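Here is a friendly walk through one protein model, written for someone who likes cut-offs stated plainly. Have a look at the structure first, and then we can go through its contacts together.

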Amino acid sequence: MFLPLHDKNRLEHVPLPFVNLALIAVTVLIFLLFQRAGDSEAVGASSYSLGLIPVVFFDIRDLAPQLQVLPEWTALISYAFLHGNFMHLIGNMLFLWVFGDNVEDAMGHVRYLLFYLLCAAAGGLAYAAMDVNSTVPLIGASGAVAGVVSAYLMLHPRVKIWVLVLGRIPLRLKAFWLLGAWIIYQVVNTVIAPDSQVAFIAHVGGLVAGAVLVVFFRRRGVPLFDRGLAD
């Protein structure tokens with residue numbers, strides 16, 4: 001649909017959103033070093049050893065011993081730090097770069113980290129619950145990023161965001177319209193394209209978690225649906 005480029009949404013509470021920056025840095029380093037910058041063999045091995053495989057997560061089948069790197073439950077989080085290729089990585093990290101700093105600002109460092117991991121887990125659980133017998137591993141930060149997007153929308157619906165539409169058209173639109181359309185797109189595709197290679201259900205799980213958690217994780221005094229940041 002679009003790639004976010006920039007928002008003029010100042011930070012009010014933290015001088016540096018270092019948790020958001022660290023999440024981006026760790027995810028990129030894992031892709032470059034552990035997944036060898038998208039090498040198909042490395043991506044395949046990491047997807048099965050650290051990705052979320054429903055049939056394994058629910059103990060219906062066992063993972064091959066050579067692929068058992070971490071306890072099975074950790075896949076609810078580890079999958080979110082893996083990506084299939086550069087475009088997959090760049091898309092998720094751009095969303096996190098543009099929107100994550102303001103969500104961290106609204107919550108504080110520790111709560112933001114917990115928020116991100118819980119949204120990742122919610123996305124993973126939604127994916128796994130959709131088909132418990134699936135052997136297809138889920139990878140990517142999209143579930144966690146979707147939670148960040150829904151939190152940002154609830155915090156700053158009137159902020160204007162520069163985006164690149166269709167890879168070439170720059171537009172500046174309010175978050176309400178832009179992110180609202182993005183959310184509707186995820187929900188609609190969950191219904192009409194359940195067999196898509198994109199795990200839209202994981203996005204929806206993250207979206208719901210983000211919308212609920214931001215109510216409780218935001219700092220005291222930080223309003224929802226802020227009306228004072230239109231420009």
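## A threonine and its backbone partner

The side chain of Thr74 reaches the backbone oxygen of Pro71 at 2.5 Å. That is a polar contact, a pair of N or O atoms within 3.5 Å; within protein, one must be able to donate a hydrogen and the other to accept it, and residues adjacent in sequence count only if both atoms are side-chain atoms. Thr74 sits in the loop between helix H3 (54–57) and H4. Helices (H or I, at least four residues) and strands (E, at least two) are DSSP runs, numbered from the N terminus. With a relative accessible area of 15%, Thr74 is buried. Buried means under 20% relative accessible area, exposed over 50%, and partly exposed in between (1.4 Å probe, protein chains only).

A word on the model: it is predicted, so local features need pLDDT of at least 70 and side-chain atom pairs count only at pLDDT 80 or more, while totals for chains, interfaces and linings use all residues. Residues are numbered from 1 along each chain as its sequence is written, and side-chain values use heavy atoms, with hydrogens and water left out.

## Charged side chains

Asp105 is another residue whose side chain reaches the backbone: its partner is the nitrogen of Val14, at 2.9 Å. Asp105 belongs to helix H5. Asp105 is buried yet has no salt bridge, and the nearest side chain of opposite charge, Arg219, is 5.3 Å away. Here Lys and Arg count as positive and Asp and Glu as negative, while His and the chain ends are not counted. A salt bridge is a side-chain nitrogen of Lys or Arg within 4 Å of a carboxyl oxygen of Asp or Glu. Leaving aside neighbours within four places in sequence, Asp105 is in contact (heavy atoms within 4.5 Å) with Leu11, Glu12, His13, Val14 and Arg219.

How many salt bridges does the structure hold? There are 2, and the table sets them out with the accessibility of each partner.

| Salt bridge | Closest N and O atoms | Relative accessibility |
|---|---|---|
| Glu12 and Arg10 | 2.7 Å | Glu12 48%, Arg10 55% |
| Arg36 and Asp39 | 3.0 Å | Arg36 47%, Asp39 29% |

Arg10 therefore counts as exposed, whereas Glu12 is partly exposed. Arg36 is partly exposed, and Asp39 is partly exposed too. Arg36 lies in the loop between H1 and helix H2 (40–50). Its backbone may catch your eye: Arg36 has a positive phi of about 50 degrees although it is not a glycine. Phe225, in the segment after H9, also has a positive phi, near 55 degrees, in a residue other than glycine. Phe225 is partly exposed, with a relative accessible area of 49%.

## Aromatic rings

The structure holds 10 aromatic pairs. Rings of Phe, Tyr and Trp (its six-membered ring) pair if their centres lie within 6.5 Å; planes under 30 degrees apart count as stacked, over 60 as edge-to-face and the rest as tilted. One of the pairs is Phe57 with Phe58, edge-to-face at 5.1 Å centre to centre, with 80 degrees between the planes. Phe57 is buried at 18% relative accessibility, whereas Phe58 is partly exposed at 36%.

The rings of Phe95 and Phe99 have their centres 5.9 Å apart and their planes at 55 degrees, so this pair is tilted. Both residues lie in helix H5 (residues 86–107), 4 residues apart, about one turn of the helix, and both Phe95 and Phe99 are buried. Ring pairs link them with Phe2, Tyr152 and Trp182 into a cluster.

## The nonpolar core

Which residues touch the most other members of the largest nonpolar core? Of its 59 residues, they are Leu96, Phe99, Tyr112, Phe115, Ile161 and Leu179. A nonpolar core is a set of buried Ala, Val, Leu, Ile, Met, Phe, Trp, Tyr and Cys residues joined through side-chain atoms within 4.5 Å. Elements that each supply at least two residues include H5, helix H6 (109–130), helix H7 (142–155) and strand S2 (160–165). H7 gives the most to this core, with 10 residues.

Leu207 lies in helix H9 and is buried, with a relative accessible area of 7%. Not counting residues up to four places away in sequence, Leu207 touches Ala146, Gly147, Ser150, Trp182, Ile183 and Gln186.
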